[in-house]
Amino acid sequence: MNKFFATTPIYYVNDAPHIGHTYTTVAADVITRFYKQKGYDARLLTGTDEHGAKIAEAAAKHGKAPQEYADEISEKFKTAWDSLNIDYARFIRTTDEDHVKTAREFFQKLYDKGAIDPKPRLYKGLYCVGHEKFMSKEELVDGLCPDHQTKPVEHSEENYYFKLSGYKKDLEQLISSDEIKIRPQSRKNEILGKLKTGLEDISISRASMEWGIPLPFDKGHTAYVWIEALINYYTYGSQENLWPADLHLMAKDILWFHALIWPAILLAIGEKLPKEIFAHGFFTINGQKMSKTIGNVISPSQLIEKYGVDGTRYLLLAAFPFGEDGDFSWEELDKLYNANLANGLGNLVARVAKLAEKVNFEVTQTTEIFDPLVEEKLTEFKFNEALATIWQDIAALDKKINEIQPWKLEETKLKEFLSSSAIKIRSIALSLTPFMPETAEKILKQFSDQIKSGSPLFPRK
Ligand code: MSP
């Protein structure tokens, strides 16, 4: 059996999930469900990133121990993904015992292979806790991290170094040849461009950070949280015989870690490399970055309450092209919902079901097909185009009904028309399955045997 192993980033547990995290997770779920539907052994790994300064500080602010706080927030992510029907194979936490063990072994291997300098040396830099990374002076704006509006911490301590600089040539070759496929193409070019300017060795341990995994070869240091977090993919993948990953999905903010540091440390221990890394865009709300200070953070449950589970899944991926930056507003979402779900799909299904019910129409032929164009779009991560393709089919059938006016046809002709319409509706439902699994199932059920009218799929807003 072919396998398909996809991952989402593991999310920081400093705060509850918002629709940024939801966006990536839903997309990863749709892709994984699509491969499952094609007969692959497809697995999705998601979870939470729980060690390091960012989490320790958030816990302290809430007067809690890091583990207790991490337990609480991690549970919120898991609940959110469950409520969104995310079909993950494992929800991994970096505090899970098996991950801690794998991470320690991984660091030991790096050390034994000579990829880590044998002795720590002084590292000085400006550390942004929000990003959990060092920032160069050029990246700061008026001395502040432009993403978090915070002043980075001056850091000066003995750290172990990973010899990243030695992997420049290999990485250039692997990325330009698509052995590690980085997509969209523009991001690949960006990474190759950055690579040209050179790679510096990186610090991979902390001497003063207790909330982390102690290095196996020096208990006085903990593993740098980013390296430790990346290893989560390997913890699950190697355990389940799924390594290498077929797809790491994330937004562009963390592509650098996935496209360069992660392959380099895998090369260092002689492991296989991920096949594809896809970085999508960042979205804003009414043109503004989502932030607590602005007070415009939207939680997944707010969307679910308003649009339902499948409505939410649909809206997130239909609103703008995946890969590019985009913007959400409640007005836009309402509009899309009403036009495409309440009308569009919902209306079409109700219309045909009503006609069929009147004449006791029974479905005998079930020759639905998954639209090959939808398949093509999905393999290219063009979610909104895949959906637009399905909605073209919906519009085409709607138009046909308006033209033919089947309610005026005599019964045999009407039944012929219903028969072909039912196949089309079943095909639409089949192609919709990875996106809207519950809705698709409902439609397929309704359009098998004797068709009956049901309650509206998507009540109008
Ligand atoms: N813990 C690290 C990832 C480690 S992976 C080994 C981390 N966590 S995070 O909680 O900050 O999640 C970042 C990811 O959340 C982004 O890469 C993206 O997938 C998603 N998004 C968060 N906000 C988003 C938007 N506003 N728009 C699009 N995606 C967003 O980084």
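Q: Which side chain meets Asp 87 in a salt bridge?
A: In this predicted model, the closest contact of the pair runs from N to O at 2.8 Å. Asp 87 sits in the loop between α3 (66–83) and β3 (90–93) and its partner in helix α1, so the bridge ties together parts 51 residues apart in sequence. The partner is Lys 36.

Q: Is Lys 36 buried or exposed, or does it fall in between?
A: Buried requires under 20% relative accessible area and exposed over 50%. Lys 36 has a relative accessibility of 36%, so by these cut-offs Lys 36 is partly exposed.

Q: How many residues apart in sequence are the parts tied together by Arg 313 and Asp 29?
A: The side chains of Arg 313 and Asp 29 form a salt bridge of 2.8 Å, N to O. Arg 313 belongs to helix α9 (residues 300–318) and Asp 29 to helix α1 (residues 19–37), so the separation of the tied parts is 284 residues.

Q: Where does the salt-bridge partner of Arg 43 lie?
A: Arg 43 pairs with Glu 240, with 2.9 Å between the closest N and O atoms. Arg 43 is in strand β2 (residues 41–49), and the bridge ties together parts 197 residues apart in sequence. Glu 240 lies in the loop between α7 (225–239) and β13 (247–251).

Q: Which residue is linked with Lys 3 and Lys 275 in a network of salt bridges?
A: A salt bridge joins a side-chain nitrogen of Lys or Arg to a carboxyl oxygen of Asp or Glu, so two Lys residues need an acidic partner. In this network that residue is Asp 246.

Notes:
Residues numbered from 1 in each chain as written. Predicted model: local features only at pLDDT ≥ 70, side-chain atom pairs only at ≥ 80, totals over all residues. Heavy atoms only, no water. Salt bridge = Lys/Arg side-chain N within 4 Å of Asp/Glu carboxyl O. Helix = DSSP H or I, 4+ residues; strand = E, 2+ residues; numbered from the N terminus. Buried < 20%, exposed > 50% of the residue type's maximum accessible area, 1.4 Å probe, protein only.
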